[in-house]
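Reader: I am new to this structure and would be grateful for a close look at a single part of it. Please describe how one helix is placed among its neighbours.

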Amino acid sequence: MPIKFPFSKNKKQTINRTLGLDYDHIPKHVAIIMDGNGRWAKNRGMPRIAGHKEGMSVVKKIVRHASDLGVEILTLYAFSTENWKRPKNEVDFLMKLPVDFLGTYLPELIERNVQVQTIGDVTLLPAHTQKAIKDAVEKTSTNDGLILNFALNYGSRYEMVHAVKEIAENVEKGTISAEDVTEEMFTSHLYTSKLLEPDLLIRTSGEQRLSNFLLWQLAYSEFWFTEVFWPDFDESHFEKALYDYQNRKRRYGGI
């Protein structure tokens with residue numbers, strides 16, 4: 001079953017209070033599809049990797065702000081199983097970003113009581129990327145503030161097929177029967193088994209699709225789309241997403 005994690009309520013004076021956010025009802029889990037880095041760079045006559053580099057700076061700002069606002073879990077779609085199809089030089093650059101990000105930002109994450117986690121098959125990532133991730137996970141494992149959850153080499157269909165295979169193997173072994181399979185059991189075999197399901201999904205750049213991201217977990221999440229490219233996304237956009245979320249009614253199929 002999902003676990004509720006404690007978090008820090010350290011709210012800084014930089015928070016924009018003009019929107020009327022209810023700080024006692026901040027979404028616990030926010031997931032973000034950080035889209036538009038390449039198009040942002042192309043519009044400026046720059047290589048696509050320049051957009052990814054700028055996007056990394058935005059990650060720092062949003063992580064800080066999410067932590068200050070009291071978000072418990074922030075899941076960022078950093079690299080999908082489909083992203084391997086991109087040009088090699090772009091993939092190589094993307095594989096260096098976790099190294100650069102965690103190499104420079106880890107001390108602040110530790111100071112802010114942030115816990116780094118990942119979902120996806122990180123064993124297929126380059127050795128230097130795996131090492132940076134492993135170090136960050138280990139050094140922040142005892143932190144109990146914001147969970148910064150990176151989706152790396154993540155694909156939701158792969159995740160669900162993997163879960164089905166594990167359950168099927170248990171049925172074959174006789175440890176469970178087909179009648180024992182429930183939504184709760186299926187959820188327990190997903191990468192996110194120990195996390196609350198997202199309350200809010202944000203996607204930047206104007207695209208309005210899930211792109212194989214958390215297909216099971218987003219069943220009852222609120223979606224918020226913006227035309228803004230990720231490198232231009234800032235704290236005010238993040239707060240607007242949270243404000244709009246707070247002004248929706250979540251009925252979960254009821255009345």
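Author: Helix α2 lies across β1 (29-33), β2 (73-80) and β4 (147-154), and runs at about 160° to β2. This is a predicted model, in which local features need pLDDT of at least 70, side-chain atom pairs count only at pLDDT 80 or more, and totals for chains, interfaces and linings use all residues. Residues are numbered from 1 along each chain as its sequence is written, and side-chain values use heavy atoms, with hydrogens and water left out. Helices (H or I, at least four residues) and strands (E, at least two) are DSSP runs, numbered from the N terminus. Angles run from 0 to 180 degrees between N-to-C directions, with axes as lines fitted to C-alpha atoms, for helices over the stretch in contact.

The strands beneath this description belong to an open sheet of six, with parallel pairing and the order β3-β4-β2-β1-β5-β6; two strands pair if DSSP finds at least two bridges between them. From one strand to the next, the twist averages 20°.

Helix α2 (residues 48-69) also meets helix α7 (residues 235-246): their axes come within 10 Å and cross at roughly 45°. The two helices are therefore oblique to each other (under 35 degrees counts as roughly parallel, over 145 as roughly antiparallel, 65 to 115 as roughly perpendicular, and the rest as oblique). On the α2 side, K61, I62, H65, A66 and L69 are in contact (heavy atoms within 4.5 Å) with E235, F238, E239 and L242 of α7. The residues of this contact comprise five nonpolar, one polar and three charged (Ala, Val, Leu, Ile, Met, Phe, Trp, Tyr, Cys and Pro count as nonpolar, Asp, Glu, Lys and Arg as charged, and the others, Gly among them, as polar).
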